[in-house]
Amino acid sequence: MNTTDPVAFWNDLYAARPTAADPRPNSTLVDLTSDLPPGAALDLGCGSGGDSLWLARRGWQVTAVDISAVATQRLADRAQSLGLGERLTAQSHDLRESFPSGRFDLISAHYLHTPFDLDRASVLRTAAHALHPGGRLLVVDHGSTAPWSWDQDPDAHFPSPPEVAAELDLDPAEWAVARAESPRRIATGPGGRTAEVTDHVLLLRRAG
């Protein structure tokens, strides 16, 4: 696996995995957005596409973004096979260099972590500014390391939701913190392995 080029790294990682026949959505996304009326959604770091497909099935117009062209092509093919091609557009973006165009009612960034340099605060700040009035930015980060994670750095620091919000340095008069919490859950990894992990959940809402 290429460890110097981020595009090659993530392409290699996804190419080594079998294509997910029916990737599951993240439970936090389901819990926090099930009651929202469908609109325009942006899935940053879409990976296998469980979140994007779930949103498209619920009537959202979804732009799914990942650095890996392997991941986005697989997702585009899967959306077409499910009859969701008109609701889901998959795009490859290296977020260090480009950001998808448009305005959105929901932007989801689940586990937008990388071993490479990325000004994540700048990316998420750009995302916040891409929200329609009343739109929501959902950021879910790892708060602990799963045994199967590619990142097993014992000295890793997992910023808390308030720390992430502070890094974004958004005007509190325009972007309000609707949720900031650190729930624990049982995660399932490769081969059916399970482990208790912590998530860091930050939900911001742009003033309407």
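Q: Is arginine 206 buried or exposed in this predicted model?
A: Let's start with its place: arginine 206 is found in strand β8, which spans residues 194-206. Leaving out residues up to four places away in sequence, arginine 206 touches Ala128, His129, Leu131, His132, Pro133, Gly134, Gly135, Glu174 and Trp175. The cut-off for burial is under 20% relative accessible area. Arginine 206 has 14% relative accessibility, so it counts as buried.

Q: Which residues is leucine 204 in contact with, leaving aside its neighbours within four places in sequence?
A: Leucine 204 lies in strand β8 and, at 4% relative accessibility, counts as buried. Its C-alpha is 8.4 Å from that of glycine 135, although 69 residues separate the two in sequence. Glycine 135 is one of its contacts. The full set is Gly135, Arg136, Leu137, Leu168, Leu170, Ala176, Val177 and Ala178.

Q: Is arginine 136 buried, exposed or partly exposed?
A: Happily, we have already met arginine 136 as a contact of leucine 204. Arginine 136 lies in strand β5, residues 131-142, and its own contacts beyond four places in sequence include Leu36, Asp105, Leu106, Ile107 and Arg205. Buried would need under 20% relative accessible area and exposed over 50%. With a relative accessible area of 23%, arginine 136 is therefore partly exposed.

Q: How many Å separate the C-alpha atoms of arginine 136 and threonine 188?
A: Here we turn from contacts to a separation across the model. Arginine 136 and threonine 188 are 52 residues apart along the chain. Their C-alpha atoms are separated by 27 Å.

Q: In which sense do strands β2 and β3 pair?
A: Strand β2 covers residues 61-66 and strand β3 covers residues 88-92, with five bridges between them. Alanine 64 stands opposite alanine 90 in β3. The pairing of β2 and β3 is parallel.

Q: What is the handedness of the β-α-β crossover from β2 to β3, right-handed or left-handed?
A: The strands it links, β2 and β3, pair in the parallel sense. Between them, the chain passes through helix α4, residues 69-81. This β-α-β crossover is right-handed.

Q: How many of the eight residues of helix α3 are buried?
A: Helix α3 runs over residues 50-57 and is mostly covered. What covers its buried residues includes α2 (27-33), β1 (40-44), β2, α4, β3 and β4 (104-110). The buried residues are Gly50, Asp51, Ser52, Leu53, Trp54, Leu55 and Ala56. That makes the number of buried residues in α3 seven.

Q: Which glycine with a positive phi follows α3?
A: Just beyond this mostly covered helix, the backbone has a feature worth a look. The phi there is positive, near 100°. The residue is glycine 59.

Q: Is tyrosine 111 buried or exposed?
A: Tyrosine 111 sits in the loop between β4 and α5 (120-129). Its phi is near 55°, a positive value in a residue other than glycine. Its relative accessible area is 19%, and since the cut-off for burial is under 20%, tyrosine 111 is buried.

Q: Is aspartate 169 buried or exposed?
A: Aspartate 169 is found in the loop between α6 (161-168) and β6 (175-181). It has a positive phi of about 55° although it is not a glycine. An exposed residue has over 50% relative accessible area. Aspartate 169 reaches 65% relative accessibility, so it counts as exposed.

Conventions: Residues are numbered from 1 along each chain as its sequence is written. This is a predicted model: local features need pLDDT of at least 70, side-chain atom pairs count only at pLDDT 80 or more; totals for chains, interfaces and linings use all residues. Side-chain values use heavy atoms; hydrogens and water are left out. Two strands pair if DSSP finds at least two bridges between them. Helices (H or I, at least four residues) and strands (E, at least two) are DSSP runs, numbered from the N terminus. A crossover is right-handed if, with the strands pointing away from the viewer, the path from the first strand over the helix to the second runs clockwise. Buried means under 20% relative accessible area, exposed over 50%, partly exposed in between (1.4 Å probe, protein chains only). Contact means heavy atoms within 4.5 Å.
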